[in-house]
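I opened the file to go through strand order, helix packing and a few side chains. My entries follow in the order I looked things up.

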Amino acid sequence: MFLESFHHVAIICSNYSISKHFYSEILGLKIISETYRENRSSYKLDLILPSGEQIELFSFPNSPERVSNPEAQGLRHLAFSVTSISKSIEYLRSHGIESEPIRLDELTGKQFTFFRDPDGLPLELYEK
């Protein structure tokens, strides 16, 4: 197979400063670069996880809302690996972020839960 891994996921946010804070300060993704594209009135923030995968965070003026329920067609959610679901939930709660109850993956026996970014995008924590 020619595909090796995910390189990046692109997210368009409604409020750049709130989403930048959420992904870089709360979730702890490292900022690689930040660019303001004047001709598009748009920011592009490149973030990286310790494993090398990246998130591109975009802001565009007047971007339309998108259905983001996990069962809607299209991208279902982003899942992040964590060592401890309970410690991760505690950390999120300390920043005012609520998560769903912990679930058990019936196929793998691993624990997981969902929470949302500032625009309601479903994000998953999946225990290693």
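**Entry 1: the β2–β3 hairpin**

I began with a cross-strand pair: Ile31 sits opposite Leu47 of β3. The model is predicted. I then followed the two strands and found β2 and β3 (residues 42–48) paired antiparallel over seven bridges. Another facing pair I noted is Thr35 and Lys44, the latter in β3. The β2–β3 hairpin has four residues between its strands, and Ser41 there has a positive phi near 50 degrees.

**Entry 2: the sheet around it**

I looked up which strands make up this sheet. It is an open sheet of four strands, ordered β1-β4-β3-β2, with mixed pairing. β1 (8–13) and β2 (30–37) each have a single partner strand, so each is an edge with one side left without a neighbour in the sheet. I noted the turn between neighbouring strands as 15 degrees on average, direction ignored.

**Entry 3: helix α1 and Lys20**

Next I asked which strands helix α1 lies across. Helix α1 (residues 16–26) lies across β1, β2, β3 and β4 (54–59), and runs at about 165 degrees to β4.

I picked Lys20, which is placed in α1. Is Lys20 buried or exposed? Its relative accessibility is 22%; buried would require under 20% and exposed over 50%, so I entered Lys20 as partly exposed.

Leaving out residues up to four places away in sequence, I listed the contacts of Lys20 as Glu25, Ile31, Glu34, Leu45 and Leu57. With Glu34 there is a polar contact between the two side chains, at 3.1 Å. I also checked Lys20 against Ser42: they are 22 residues apart in sequence, and their C-alpha atoms are 13 Å apart.

**Entry 4: the largest nonpolar core**

I looked up which members of the largest nonpolar core touch the most other members. The core has 22 residues, and the answer is Tyr23, Ile55, Leu57 and Leu123. Two or more residues come from each of β1, α1, β3, β4, β5, α2 and β8. Helix α1 gives the most, with four residues. For background, I wrote down that nonpolar side chains tend to be buried together in soluble globular proteins.

I took Leu57 from that set and pulled its contacts, again without residues up to four places away in sequence. They are Ile11, Cys13, Tyr16, Ser19, Lys20, Tyr23, Tyr43, Lys44, Leu45 and Leu47. Lys20 thus turns up in the list for Leu57, as Leu57 did in the list for Lys20.

**Entry 5: the other four-strand sheet**

I then turned to an open sheet with the order β5-β8-β7-β6, four strands with mixed pairing. Its edge strands are β5 and β6 (103–104), each pairing on one side only. β5 and β8 are parallel, with five bridges. In β8, Glu127 stands opposite Val82.

**Entry 6: helix α2**

Which residues of helix α2 (residues 85–94) are buried? I got Ile85, Ser88, Ile89 and Leu92. Viewed down the axis of α2, the buried residues fall within an arc of 100 degrees, so they line one face of the helix. The spacing rule I had in mind is that an α-helix has 3.6 residues a turn, so residues three or four places apart point the same way.

The cover over the buried residues of α2 includes β5 (78–82), β7 (111–116) and β8 (122–127). On the face turned away from the buried side I found the exposed residues Lys87, Glu90 and Ser94. My last item was Gly96, just after α2, with a positive phi of about 75 degrees.

Methods
Residues are numbered from 1 along each chain as its sequence is written. This is a predicted model: local features need pLDDT of at least 70, side-chain atom pairs count only at pLDDT 80 or more; totals for chains, interfaces and linings use all residues. Side-chain values use heavy atoms; hydrogens and water are left out. Two strands pair if DSSP finds at least two bridges between them. Axes are lines fitted to C-alpha atoms, for helices over the stretch in contact, and angles run from 0 to 180 degrees between N-to-C directions. Contact means heavy atoms within 4.5 Å. Buried means under 20% relative accessible area, exposed over 50%, partly exposed in between (1.4 Å probe, protein chains only). A polar contact is a pair of N or O atoms within 3.5 Å; within protein, one must be able to donate a hydrogen and the other to accept it, and residues adjacent in sequence count only if both atoms are side-chain atoms. The arc is that of the directions from the helix axis to the C-beta atoms. A nonpolar core is a set of buried Ala, Val, Leu, Ile, Met, Phe, Trp, Tyr and Cys residues joined through side-chain atoms within 4.5 Å.
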